[in-house]
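Here are some exercises to work through with the structure open beside you. Try each task before you read its solution.

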Amino acid sequence: MAAASARRPRLAVWKFASCDGCQLSLLDCEDELLMVAERIEIAYFPEAARRMLPGPYDLSLVEGSITTPADAERIQRVRRQSRRLVTIGACATAGGIQALRNFADIREYAAAVYPYPEYLETLATSTPISAHVPVDFELRGCPIDKGQLLEVIKAFLADRKPAVPGHSVCIDCKRRGNVCVMVASGTPCLGPVTHTGCGAICPSYDRGCYGCFGPVAGANTAALAKEFAALGVARRDIARLFQTFNAAAGAFRDEAERHGD
Amino acid sequence: MATRTINVDYIARVEGESSLQLDIRDGVVDRVRLSIFEPPRFFEAMLRGRRFDEVLDIVARICGICPIAYQMSGVAAIENLLGIEVEPPIHALRRLLYCGEWIESHSLHVAMLHAPDFLGYSDAMAMARDHGDAVRRALALKKAGNDLLRLLGGREIHPVNVRVGGFYRVPTRAEFAPVAESLKRARDHAIATLRWVATFPFPDCTRDYEFVALRYRDEYPMNRGRIVSSAGLDIAAADYEDEFLERQVPYSTALRSALRRRGAYLVGAMARYALNYDHLPEEVRALAGSAGLGAVCRNPFQSILVRAVEVIYACSEALRLIADYEPPARPFVAAEPQAGTGCGCTEAPRGILYHRYRTDSDGVIQEANLVPPTAQNQGIIEEDLRQVAMAGLDLDEDQLKANCEQSIRNHDPCISCAAHFLTLRVNRS
């Protein structure tokens, strides 16, 4: 027992289809990084460390979505080696911006970018990690918030539930004392239907929320879309608003489909 | 006769997923393969059908380490397409934003990704046990860059504030005060960091690269300028595709850029420095000199020194821009959709990043072409590897691998960026 408690918990950070921004959030914890590295053993984190220790790992942070046959197999191996598995960011949690392919013809996409598309091994869809393996917690955001990331790491290493709130961006915006961009200037804003986490950055910079943390539970996207239409937003542009970094997430996907051609 | 194959299955401390294979036959490096197995995300395809005013949020997601670069080349291209000339204060704020990204990205690379190679550590966290002050200083420096990004962009990764025609909101002079304080300290940290990396052991290596970078009047280049090279190239961004091509080589599945007339070339800190040394302030040139750098650096292992010099410059330049800052009369000029084609080229931390877009009369993107710096540097990275491997044939495998990895990290490759434009894996069966 003494030996077990002396052993530092082992962390692994995995990358699938992504921009690396969410794992960079860990290195962006400039004030906390060295402390974190003392408390836990960074056993596998290729973006930051050359030493790659074999599993099992106490906590795996998984960035990115599943877009290739090889990655669909690799995530199974990652799950088997991980006591806890937490997805970080919109790609891992909802499929990311690359899930726009789910609504298009992948062969046509590949031909538009690559001279020899037949050489690519790619899937027709970009899917979240939870579509492939059980996930212990999903941290949202494009990118994630580094304060929430630290909370998740602390919580899982202490075997408790992370204290990550689940209200809408709209609430945060009121707390910040922002003037509502939709009411005051008629700017379409996804704040009422978007999950909290960013701190209501966009309305604080005089623009509408663009939904990078994905839909909040119970989002009434239909009512909001009706308001957008009343503001004079074209049907096609309403669909575009919901089709970004969380395009494949339930409520956003359905609302975009209702405004499809 | 004797054939030896050396594999590095996953190149660590670079952004993205890549591997290296060296084939050595009869004491000669027969084949060098830098393979990229990063999954493609098809950005150029996804951009079609999006409105011109959605592009900046989408292209930021190509890279979490240099999202500003994507927003800067994107906004330059779209404003070029729409015939928008931003006012000088808006231009100054964009340069300031770029200073933040250069500080953040270069500090990350210098101290956390590259320095461990020279001192023999797996990573910066392990290095901090023996070099705690240096690592903490670099983290503070990185944080100062991120402070600037957070104020001007709203957040460090995928900032939200840049828009076609200007910014959504511009800061007041008072909001810059705390950032200026942190930048003053950062400048001292940057000088100390340069002095620290100048003590590293540098392998002897001289390469005769063709350097390619932007150049504009008396500025050290960031957001604008002509594309020039050490072999006399001097073109407008709009002529990029006439002079450069992306090609496929038989032994690799990756497309890489080349000069149509001359082949491989280098972009990034070493190229900017060599082509714009005369545009650095006297005190920055003096600091570079005290670290052992002349007007041109041809040793890729010393690129860490050049990045450290650029961090000092970016801190100084940010402080100058903040001191001179007068908020513009309006944060942006209106942008009306129109049909056309526009190009933009700016200096990402890793080198020039070229964007071209074509829109229809509703301002909807019909075609996009993006050429990231790492796609441009791939040819040089492989040439360097060949040289490093030849020089290290007598070394044991672990040391040879370490030297090769260090050689790749000399150019701070950003695989996530590159992979969206590169083929990945041949499956001919």
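Two strands count as paired if DSSP finds at least two bridges between them. Keep in mind that the model is predicted.

**Exercise 1. In which order do the strands β6, β7 and β8 of chain B lie in their sheet, and which of them stand at the edges?**

Step 1. Trace the three strands in chain B: they make an open sheet with the order β6-β7-β8, and the pairing is antiparallel.

Step 2. Look for strands with a single partner. These are β6 (212-215) and β8 (234-235) of chain B, so each of them has one side without a neighbour in the sheet.

Step 3. Now check one pairing against the cut-off. Strand β7 (residues 226-229) of chain B is joined to β8(B) by two bridges, and the rule asks for at least two.

Step 4. Zoom in on this pair of strands: opposite B:Val228 you will find B:Asp234, in β8(B).

Step 5. Finally, find the helix that lies across β6 and β7 of chain B. It is α9 (residues 269-276) of chain B, and it runs at about 50° to β6(B).

**Exercise 2. Describe the sheet formed by β11, β12 and β13 of chain B, and find the helix that packs on it.**

Step 1. Start with the order. The open sheet reads β11-β12-β13 in chain B, with antiparallel pairing.

Step 2. Find the edges: β11 (340-348) and β13 (365-371) of chain B each pair on one side only.

Step 3. Compare directions. On average, neighbouring strands in this sheet are turned by 15° against each other, with direction ignored.

Step 4. Add the helix. Helix α3 (residues 67-82) of chain B packs on the sheet and touches β11 and β12 of chain B. Its direction makes about 150° with that of β11(B).

Step 5. Count bridges: β12 (residues 351-359) of chain B pairs with β13(B) over six of them, in the antiparallel sense. Within these strands, B:Arg356 has B:Asn369 of β13(B) standing opposite.

**Exercise 3. Describe how chain B meets chain A: how many residues are in contact, and what area is buried?**

Step 1. Count the residues. On chain B, 74 residues are in contact with 66 residues of chain A.

Step 2. Take the area. About 5900 Å² is buried between the two chains, and carbon and sulfur atoms give 59% of this.

Step 3. Pick out the leading contributors. B:Arg41, B:Phe42 and B:Met125 supply 12% of the area that chain B buries against chain A, more than any other three residues.

Step 4. Turn to the polar side of the interface. The rule finds 28 residue pairs in polar contact across it, and nine salt bridges. For a salt bridge to try yourself, select B:Lys142 and A:Asp28, whose closest N and O atoms are 2.4 Å apart. That value can be set against the cut-off, within 4 Å.

Step 5. Ask where the touching residues of chain B come from. Several helices of chain B each supply at least two of them, including α4 (88-119), α6 (132-153) and α13 (397-409). The largest share, nine residues, comes from α6(B).

Step 6. Sort this side of chain B by residue type: 33 are nonpolar, 13 polar and 28 charged.

**Exercise 4. Which parts of chain B are linked by the salt bridge of B:Arg13 and B:Asp117?**

Step 1. Select the two side chains; they meet with N and O 2.8 Å apart.

Step 2. Place each partner. B:Arg13 is in the loop between β1 (3-8) and β2 (18-25) of chain B, while B:Asp117 belongs to helix α4 of chain B. The two are 104 residues apart, and the pair links distant parts of the chain.

Step 3. For context, the rule counts 61 salt bridges over all chains.

**Exercise 5. Find the unusual backbone spots in chain A.**

Step 1. Recall the background: most peptide bonds are trans, and most residues other than glycine have a negative phi.

Step 2. Look for cis bonds. One joins A:Gly55 and A:Pro56, with omega about 0°, and A:Pro56 sits in the loop between β2 (41-44) and β3 (57-63) of chain A. The bond from A:Cys142 to A:Pro143 is also cis, with omega near 5°; A:Pro143 is in the loop between β5 (137-139) and α7 (146-157) of chain A.

Step 3. Check phi. A:Ala200 has a positive value, near 60°, and lies in the loop between α9 (181-185) and α10 (201-204) of chain A.

Terms used: Residues are numbered from 1 along each chain as its sequence is written. Chains are lettered from A and ligands numbered from 1 in the order in which they are written. This is a predicted model: local features need pLDDT of at least 70, side-chain atom pairs count only at pLDDT 80 or more; totals for chains, interfaces and linings use all residues. Side-chain values use heavy atoms; hydrogens and water are left out. Helices (H or I, at least four residues) and strands (E, at least two) are DSSP runs, numbered from the N terminus. Axes are lines fitted to C-alpha atoms, for helices over the stretch in contact, and angles run from 0 to 180 degrees between N-to-C directions. Contact means heavy atoms within 4.5 Å. Buried area is the accessible area (1.4 Å probe) that two parts lose on being put together, summed over both. A polar contact is a pair of N or O atoms within 3.5 Å; within protein, one must be able to donate a hydrogen and the other to accept it, and residues adjacent in sequence count only if both atoms are side-chain atoms. Ala, Val, Leu, Ile, Met, Phe, Trp, Tyr, Cys and Pro count as nonpolar, Asp, Glu, Lys and Arg as charged, and the others, Gly among them, as polar.
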